[in-house]
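Me: I've got a structure open and I'd like to learn how to read its features. Can we go through it together?

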Amino acid sequence: MSQVSPVAEKITALQQADSAQDLLRATQELAASADASAAPVLVEVLGFNNPGAAVAAVEGLISLGTAAVDALLQLDPENYGARAWAVRALAGIGDVRGLELLLDALGSDVAASVRRAAAKGLGQMQLAELPPDQQQVVQRQCLGALLAATSDGEWVVRYAVAVGLELLAAGLPPHLPEWQQARAGLVTLLAAAADNAPVVQRRAHLALLRLEQQ
Amino acid sequence: MVDADASPPQAGEPISEQEALRRLRQSEDSSQQYYGAWWLGRMRSQHPEAVPLLQQALRQRRPRDSGDGVEENAVARNAARALGKLAPAAQTAIPDLLDTLQDADDGLREAAARALGQLAASEAIEALCEKLASGPAGAGAQQANSPRLVEPCEALLEALGDIGVNEPRVLAVVKPFLEHERPLIRSAAARTLLQLSGEARWGELLVDLLDHPQLQVRRAALMDLGAAGWRPGFQAIAATLAENSLKLMALRGLVEQGNGDPGDEALLACMDALL
């Protein structure tokens, strides 16, 4: 006699949801369960073409943190819609296993919403558990991708790059050349070019102010 | 609100400004003209020939022929849209746009109204008010054989807000549309009143629409709050059930168009959380 766990019940409820509203509610409940066994099911929800449920699933996956990464990386690369949501989840989690996907997304994804999520994610990779030399390798990769994206054609991506550069630099000692390069990237975004949005300039300005106070 | 088909007709090879001008100048292939007009607006062309060529394309419009498969006015519509994006160079095209506001094609009237708003053409206030004067039951009534309204009310209302002249006659024409049966029109009217008067009650009305059961209405209210730059609405914007992309656009509007409390830092923190 095995007792059905509360999570298993919630998974069943989700699998049986037969309306968009039901699916949203069931996803929210499962996302709130904070149980690693929910991860593969939440990843499945990313492919259901239900934005409300996908937002809830991404939040649930981010709160699961590293426990959700394996499930996210097993996602079918052909399922474009689901992949876009997965980039957001991996960006929020910051696990280094998601690095390749985020680098790839910022550099080449066609959707600005995916590039913007990747840009923020590359600024907040969780590197504390890596050996110092590897930390530096990852930081350089993130920095290179962010600097390249300072010329992205979409304002919202450049905005996210400003956020990513600030987050990245805030984790570095200012004497490192990487800190200086991140700062230089922010100065690029500060430029009042005709095609640069004022909101991007203001965000870069704020980032620079905060870094000066570091 | 979002311009219905402001995207290129097809994904083509990137072209140069000279090529865009050439395509608009020729007259054999209207789809090439359509693309050329779109390109000049999208790229904010500063070329001295851009505005005159767009004016010429705008005059190319013709009466609608429902039997005709090809949409002849598509080029003129794109020309109007492009002129709206070419302020201040396109000021010289205001008389053409005012003429176009009287065209029989309501899609073209809509594009002209939006362009006049973007050019902040105070010369247009009288004509815009005149078009709207018959109120929700006249200008705002549904056409007999189409879901469209008699006048493109949303564009006309928003143009008055973008022009931004706060006069009693303008307010008197806009206010009745707060009672229109369509929430998108109510949203446009509230946005315009908010832009003109800055009164919080109109902002609150838009915030109420962020809870509307239809996604389309919530999206419109987001864009309207952004266009008016109404900063007190920032948390309601962040909590709306809609795409983050649209919330970010709305918040950008609050940062760039608005002032006062909350300050930039709180707004930018709100945007950061939506990336």
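Reply: Sure, we'll take helix packing, burial, domains and backbone oddities in turn. Keep in mind that this is a predicted model.

Me: Let's start where the chains meet. At what angle do α12 of chain A and α14 of chain B pack, and how far apart are their axes?

Reply: The general idea: two packed helices are described by the angle between their axes and the distance between the axes. Here, α12(A), residues 198–212, and α14(B), residues 244–257, pack at about 80° with axes 9 Å apart. That angle makes α12(A) roughly perpendicular to α14(B).

Me: Which residues meet there?

Reply: On the α12(A) side you have A:P198, A:V199 and A:R202, and they meet B:R252, B:V255 and B:E256 of α14(B). Sorted by class, the contact has three nonpolar and three charged residues, with no polar ones.

Me: Now burial. Is helix α3 of chain B enclosed or open?

Reply: For a helix, count its buried residues. In α3(B), residues 50–59, seven of the 10 residues are buried, so the helix is largely enclosed by the rest of the structure. Those buried residues are B:A50, B:V51, B:L53, B:L54, B:Q55, B:A57 and B:L58. The cover over them includes α1, α2, α4 and α5 of chain B.

Me: And for single residues, is B:T192 buried or exposed?

Reply: Look at relative accessible area, where under 20% counts as buried. B:T192 comes out at 0%, so it is buried. This threonine sits in helix α10 of chain B, residues 183–197. Setting aside residues up to four places away in sequence, B:T192 touches B:L157, B:E158, B:L160, B:G161 and B:V174.

Me: How about B:Q143: where is it found?

Reply: B:Q143 is in the loop between α7 and α8 of chain B. With 24% relative accessibility, B:Q143 counts as partly exposed. Leaving out neighbours within four places in sequence, its contacts are B:D106, B:R148, B:L149 and B:V150.

Me: On to domains. What are the domains of chain B?

Reply: The domain assignment splits chain B into domain 1 (1–61 + 72–116), domain 2 (120–197) and domain 3 (203–275). To read a pair, check the centres, the contacts and the buried area. The C-alpha centres of domains 2 and 3 of chain B are separated by 22 Å. Their contact takes 10 residues from domain 2 and 14 residues from domain 3. Together they bury about 970 Å², 72% of it on carbon and sulfur atoms. On the domain 2 side, B:L184, B:S187 and B:L194 lose the most area, together 49% of what that side buries.

Me: How much area do the two domains of chain A bury between them?

Reply: Domain 1 (1–93) and domain 2 (115–214) of chain A bury about 380 Å², with 59% of it on carbon and sulfur atoms. Their C-alpha centres lie 30 Å apart, and five residues of domain 1 are in contact with six residues of domain 2.

Me: Last one, the backbone. Which residues does a cis peptide bond join?

Reply: For this, check omega. One cis bond joins B:A87 and B:P88, with omega about 0°, and another joins B:D261 and B:P262, with omega about -10°. B:P88 is in the loop between α4 and α5 of chain B, while B:P262 is in the loop between α14 and α15 of that chain.

Me: What is phi for A:N49?

Reply: A:N49 has a positive phi of about 55° although it isn't a glycine. This asparagine is in the loop between α3 and α4 of chain A, and at 75% relative accessibility A:N49 counts as exposed. B:R44 also has a positive phi, near 50°.

Key
Residues are numbered from 1 along each chain as its sequence is written. Chains are lettered from A and ligands numbered from 1 in the order in which they are written. This is a predicted model: local features need pLDDT of at least 70, side-chain atom pairs count only at pLDDT 80 or more; totals for chains, interfaces and linings use all residues. Side-chain values use heavy atoms; hydrogens and water are left out. Axes are lines fitted to C-alpha atoms, for helices over the stretch in contact, and angles run from 0 to 180 degrees between N-to-C directions. Helices (H or I, at least four residues) and strands (E, at least two) are DSSP runs, numbered from the N terminus. Angles under 35 degrees count as roughly parallel, over 145 as roughly antiparallel, 65 to 115 as roughly perpendicular and the rest as oblique. Contact means heavy atoms within 4.5 Å. Ala, Val, Leu, Ile, Met, Phe, Trp, Tyr, Cys and Pro count as nonpolar, Asp, Glu, Lys and Arg as charged, and the others, Gly among them, as polar. Buried means under 20% relative accessible area, exposed over 50%, partly exposed in between (1.4 Å probe, protein chains only). Domain bounds come from an automatic or database domain assignment. Buried area is the accessible area (1.4 Å probe) that two parts lose on being put together, summed over both.
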